[in-house]
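Work through the exercises below with the sequence and the model side by side. Try each task before reading its solution.

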Amino acid sequence: MRRVVITGAGTINPLGSDVPKTMEAMREGRCGISELNIRDIDRLAIRIGGQIHDYHPEDRWNRQQIALYDRYTQFALIAAQEAVAQSGLTFSGDLAAHSGVVLGTAGGGLQTSDENYRTVYEEGKNRVHPFVVPKLMNNAAASHISMEYNLKGPSFTVATACASSNHAMGQAFHMIRSGMSDAMLTGGSESMLCFGGLKAWEGLRVMSKDACRPFSANRNGMVQGEGAAIFVFEEYEHAKKRGAEILCEVSGFAMTSDAGDIVMPSKQGAARAISGALADGRINKSEVGYINAHGTGTAANDKTECAAVADVFGHHADDLMISSTKSMHGHLIGGTGAVELLACIMALRDGVIAPTIGYEEPDPECALDVVPNESRDAKVEVVLSNAFAFGGLNAVLALRKH
Amino acid sequence: MSVKDKVIAIIAEQAVLEPSDVTEDSSLEDLGIDSMGLVESIFAIEEAFDISVPFNANDPSESDFDISSVSAIIAAVEKLVAEQA
């Protein structure tokens, strides 16, 4: 069977403007969650988030480009640039014809929607900028990446709420493994930190006002973040032949649907996705050393996720490490699995396990090694990345050290 | 309509019951209202009384709003209406 490896990674997120800075922050257990700086913040009850500060699009793009790029597209393009540069790939000829981009996002150009609804509803104007549609559409970022890098193969956007990135990366993995393509750009991007985006989440009453503390007994909800991470997935022989630096192997993927509840998670659905990814990658349970948890910091997710992990791994659940980096960068919704994959690469390549920061009190319902507060040096062979979305859509990736 | 009658009407609508079937000593669980129904009821209460209810679904017991029974909810709403008037 064809094997799939990662040969490039790029990101911009609340922890850093590139991969090295992000990994350094994860290693040091830094918190990227801070006071939000957005319009009408005084009308929000939730005032913290993993927001990217000191960000100036005009330093990077001209006026015409900015008129077409929603913030989520900007983040995706920044991450793609770093990933493609690292991979050393140039897309032309046959490679370009078969290479594409599969991107995860939940909200797409939500900043653009928010701004323009204000224009027509709040300000009562009857005219909006001509590029509102191409700017807000959910496939805008995927399309701009395809144009930037001449990717002429299968390209589309996956929207499965908080599992979007993992579902997207799973598709890219399958395409390469099945022979459809030798190289794909994949990952996710999200920029939902606007008044409407936050107000909607506030309504569900699952947001924390002070911090994201996954697995901690005193956790009180999730914190939203924004950003993107993009990867170059490449067929192993293709990468080897050109002497590319291989960050790790993508060895398994599985997705399941709970067919249960629109917001409450299911232990069975999560457990089936985890076992499915192991089976798909022909991985023994005992090989798994680390799991990057979905770990949202809500009461419901964290205990369900821990129960699912305990069910799948049995005694080995006590030997493996599981952490939630959302404690540091917040929940990037449709982009979250992509940024979290960086913690997986760091674990495999550098032997550093990112911590769950903000951990204060053990919860008997989350009695696993959650790598509390400080990163840890550990050699691991196989890691998993969990994503369990609202709507009961689960996607788990398995990665192997190369 | 009194605060009590209004709260009962909201809960009854959520539970798909007649207001007369919503007794003050019943819990939301007794009435078949789940966590989603609870969040929706709180929203309806906020809208009806123009108040802000301190409630976090992650930790209902620690929220400063007693939801243990219909009478507790009525008392909590009466307090909030008085405070936020």
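**Exercise 1. Find which residues of α1(B) are buried, and what they pack against.**

Solution. Start with the cut-offs. A residue is buried if 20 or more other C-beta atoms lie within 10 Å of its own, exposed if 12 or fewer, and partly exposed in between, with C-beta atoms placed from the backbone. Helices (H or I, at least four residues) and strands (E, at least two) are DSSP runs, numbered from the N terminus.
- Step 1. V7(B), I8(B), I10(B), I11(B) and Q14(B) are the buried residues of α1(B).
- Step 2. They sit on the same side of α1(B), because they cover an arc of only 160° around the axis. The arc is that of the directions from the helix axis to the C-beta atoms.
- Step 3. Their packing partners are α2 (35–49) and α3 (70–84) of chain B. A contact means that two C-beta atoms, placed from the backbone, lie within 7 Å.

This is a predicted model: local features need pLDDT of at least 70, side-chain atom pairs count only at pLDDT 80 or more, and totals for chains, interfaces and linings use all residues. Residues are numbered from 1 along each chain as its sequence is written, while chains are lettered from A and ligands numbered from 1 in the order in which they are written.

**Exercise 2. Check the spans of α1(B) and α3(A) against the 1.5 Å rule.**

Solution. The expected span is 1.5 Å times one less than the number of residues in the helix.
- Step 1. Helix α1 of chain B (residues 3–15) has 13 residues, so 18 Å is expected. Its end C-alpha atoms are 18 Å apart, which agrees.
- Step 2. Helix α3 of chain A (residues 71–87) has 17 residues, so 24 Å is expected. Its end C-alpha atoms are 25 Å apart, which agrees.
- Step 3. Now look at the cover of α3(A). 15 of its 17 residues are buried.
- Step 4. Look just past each helix. V16(B) follows α1(B) with a positive phi near 55°. G88(A) follows α3(A), with a positive phi near 75°.

**Exercise 3. Work out which side of α1(A) is buried and what covers it.**

Solution.
- Step 1. In α1(A) (residues 19–28), V19(A), T22(A), M23(A), A25(A) and M26(A) are buried.
- Step 2. These residues share one side of α1(A), because their arc around the axis is only 160°.
- Step 3. Their cover includes β1 (4–12), α3, α13 (326–329) and α14 (336–350) of chain A.
- Step 4. Just after α1(A) comes G29(A), with a positive phi of about 60°.

**Exercise 4. Compare the settings of D54(A) and I333(A): buried or exposed?**

Solution. Most residues other than glycine have a negative phi.
- Step 1. D54(A) is not a glycine, yet its phi is positive, about 50°. I333(A) is not a glycine either, and it has a positive phi of about 50°.
- Step 2. D54(A) lies in the loop between β3 (48–49) and α2 (63–68) of chain A. I333(A) lies in the loop between α13 and α14 of chain A.
- Step 3. D54(A) has 5 other C-beta atoms within 10 Å, so it is exposed. I333(A) has 31 other C-beta atoms within 10 Å, so it is buried.

**Exercise 5. Place P60(B) in chain B.**

Solution.
- Step 1. P60(B) is in the loop between α2 and α3 of chain B.
- Step 2. It has 17 other C-beta atoms within 10 Å, so it is partly exposed.
- Step 3. S35(B) is 25 residues away along the chain, and the two C-alpha atoms are separated by 9.7 Å.

**Exercise 6. Test whether chain A fits the compact-globule rule or departs from it.**

Solution. The rule is 2.2 Å times the number of residues to the power 0.38, with the radius of gyration taken over C-alpha atoms.
- Step 1. For 402 residues the rule gives a radius near 21 Å; chain A has 20 Å, so the two agree.
- Step 2. Along the principal axes, the C-alpha atoms of chain A fill a box of roughly 65 × 55 × 40 Å.
- Step 3. Of its 402 residues, 59% count as buried.
- Step 4. Chain A has 14 helices and 14 strands.
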